[in-house]
Amino acid sequence: MSIDQWIALAVFAFVSSITPGPNNMMATASGARFGLRRTIPQVAGVTFGFTVLLWLAASGVAIIVVEHPMIGQTLAVLGYAYLTWLSYKLVASAVRSPDRSKNKVTALRPLTFWQATAFQFANPKGVMMALSTATTFLAGPRQSMFAIIAVGLLFAAINFPCVGAWALMGARLRGWLEDASATWRLRAFNGVMGGLLIATVIWMITAR
C-alpha cells in the first residue's frame, strides 16, 4: 500500500469509527449508566472484536460472505434482533424509576469485554466496515500478512479512542442524569438512547 492509501485508510477508519452507530450508542448509554471505568472493557471489546473481524475478512472470509449471501443475511438478522432487544431494555428502563433505595441499577449491566467482542460478529455496521476495508484496501492476491496485520492495528488505534470518546461523553453526563432531585433526566436519556438505537437499526435495514 502507498502512503496515499494509508492516509485514505486512516480517514476512512476515523469517519466510520466516530460516526453514530450501535457500538457508539451503546458506549454512550453505558458511560452514562455505569461511568467510564466500568465501560472501558466494553470499548476494548469493540476494538478487539472488530480487529479480529477485519483480519478474518482480509484473510478470505470476505470472499465467502460475498459468494454466500445467506451467511451475511443471517449475521445481519442476529445483529438486528440483538440491537432491538437492547433498544427495548433501554426504553423499558425509561419508564421505571431507578432503585435508589438499594443503590443499584436494575435495568442493564455493562457489556463485558467478551460480550462486546462477540457482538462485533453480529453488528451489521461492523461487518460492513470490515468487508469494505478488506475489499477496498486489501484486495488482490499479493497482500502480505504483514499488511493485513498492519491495517488491523491502524484501525484499532483509531477505533478505540473514537468509541471511548462516546463513552466519555456519556460518563460526563452521569452526575447530571443521576441527580436525585430530577430522576426524570435518566429515564428520558434512556428513552432517547433506546429510540436512537432502534432508529439506527431501521436505517441499516432500509439502507441495505
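1. A quick word on terms before anything else: a helix here is a DSSP run of H or I at least four residues long, numbered from the N terminus. By that reckoning, Phe 50 has its place in helix α3. Keep in mind as you read that this is a predicted model.

2. The overall picture is quickly told. The chain has nine helices and zero strands, so reading from the N terminus you go α-α-α-α-α-α-α-α-α. Of the 208 residues in the chain, 45% are buried. If you look at contacts with a separation of 6 or more, 86% of them join residues 24 or more positions apart.

3. Back to Phe 50, a good residue to click on. Its relative accessible area is 3%, and that is under the 20% cut-off, so Phe 50 counts as buried. Leaving out residues up to four places away in sequence, Phe 50 touches Gln 120, Gly 126, Met 129, Ala 130 and Phe 155. Phe 121 is worth a glance too: Phe 50 and Phe 121 are 71 residues apart along the chain, yet 7.8 Å separates their C-alpha atoms.

4. Now the aromatics. How many aromatic pairs does the structure hold? There are five aromatic pairs. In the one made by Phe 50 and Phe 155, the ring centres sit 4.9 Å apart and the planes are at 50 degrees, so this pair is tilted. Phe 50 belongs to helix α3 (residues 36-67) and Phe 155 to helix α7 (residues 145-172), so the pair ties together parts 105 residues apart in sequence. Phe 155 is buried as well, with a relative accessible area of 1%.

5. Phe 113 and Trp 114 give you another aromatic pair, this one edge-to-face, with 4.9 Å centre to centre and 85 degrees between the planes. Are these two residues buried or exposed? Phe 113 is partly exposed, at a relative accessible area of 25%, while Trp 114 is exposed, at 59%.

6. Phe 12 also deserves a look, since Phe 12, Phe 50 and Phe 155 form one aromatic cluster. Phe 12 turns up again in the packing of α1 on α6, where it is one of the α1 residues in the contact.

7. On that packing: the axes of helix α1 (residues 3-18) and helix α6 (residues 124-137) come within 12 Å and cross at roughly 170 degrees. An angle over 145 counts as roughly antiparallel, so that is how α1 runs relative to α6. From α1, the contact uses Gln 5, Ala 8, Leu 9, Phe 12, Ser 16 and Ser 17, and from α6 it uses Lys 125, Met 129, Ser 132, Thr 133 and Phe 137. Sorted by character, the residues of this contact are five nonpolar, five polar and one charged.

8. What about α6 itself? Helix α6 has 14 residues and reaches 20 Å from its first C-alpha to its last, close to the 20 Å expected at 1.5 Å a residue. It is mostly covered, with ten of its 14 residues buried. Those are Pro 124, Lys 125, Gly 126, Val 127, Met 129, Ala 130, Leu 131, Thr 133, Ala 134 and Phe 137. Note that Lys 125 is in this buried group and is also part of the contact with α1. Met 129 does extra duty: it is in the contact with α1 and touches Phe 50 too.

9. Next, α2. This helix has 13 residues and spans 18 Å between its first and last C-alpha, close to the 18 Å expected at 1.5 Å a residue. How much of α2 is covered? In α2, 13 of its 13 residues are buried. Just after the helix, Gly 35 takes a positive phi of about 90 degrees.

10. Within α2 (residues 22-34) you'll find Ser 30, which is buried at a relative accessible area of 4%. Not counting residues up to four places away in sequence, Ser 30 touches Gly 35, Thr 39, Gln 42 and Pro 110. So the glycine with the positive phi is also a contact of Ser 30.

11. Finally, another residue of helix α3: Ala 57. Ala 57 has 8% relative accessibility and counts as buried. Ala 57 and Leu 138 are 81 residues apart in sequence, while their C-alpha atoms are 9.6 Å apart in space.

Terms used
Residues are numbered from 1 along each chain as its sequence is written. This is a predicted model: local features need pLDDT of at least 70, side-chain atom pairs count only at pLDDT 80 or more; totals for chains, interfaces and linings use all residues. Side-chain values use heavy atoms; hydrogens and water are left out. Rings of Phe, Tyr and Trp (its six-membered ring) pair if their centres lie within 6.5 Å; planes under 30 degrees apart count as stacked, over 60 as edge-to-face and the rest as tilted. Helices (H or I, at least four residues) and strands (E, at least two) are DSSP runs, numbered from the N terminus. Buried means under 20% relative accessible area, exposed over 50%, partly exposed in between (1.4 Å probe, protein chains only). Axes are lines fitted to C-alpha atoms, for helices over the stretch in contact, and angles run from 0 to 180 degrees between N-to-C directions. Angles under 35 degrees count as roughly parallel, over 145 as roughly antiparallel, 65 to 115 as roughly perpendicular and the rest as oblique. Contact means heavy atoms within 4.5 Å. Ala, Val, Leu, Ile, Met, Phe, Trp, Tyr, Cys and Pro count as nonpolar, Asp, Glu, Lys and Arg as charged, and the others, Gly among them, as polar. The expected span of a helix is 1.5 Å times one less than its number of residues.
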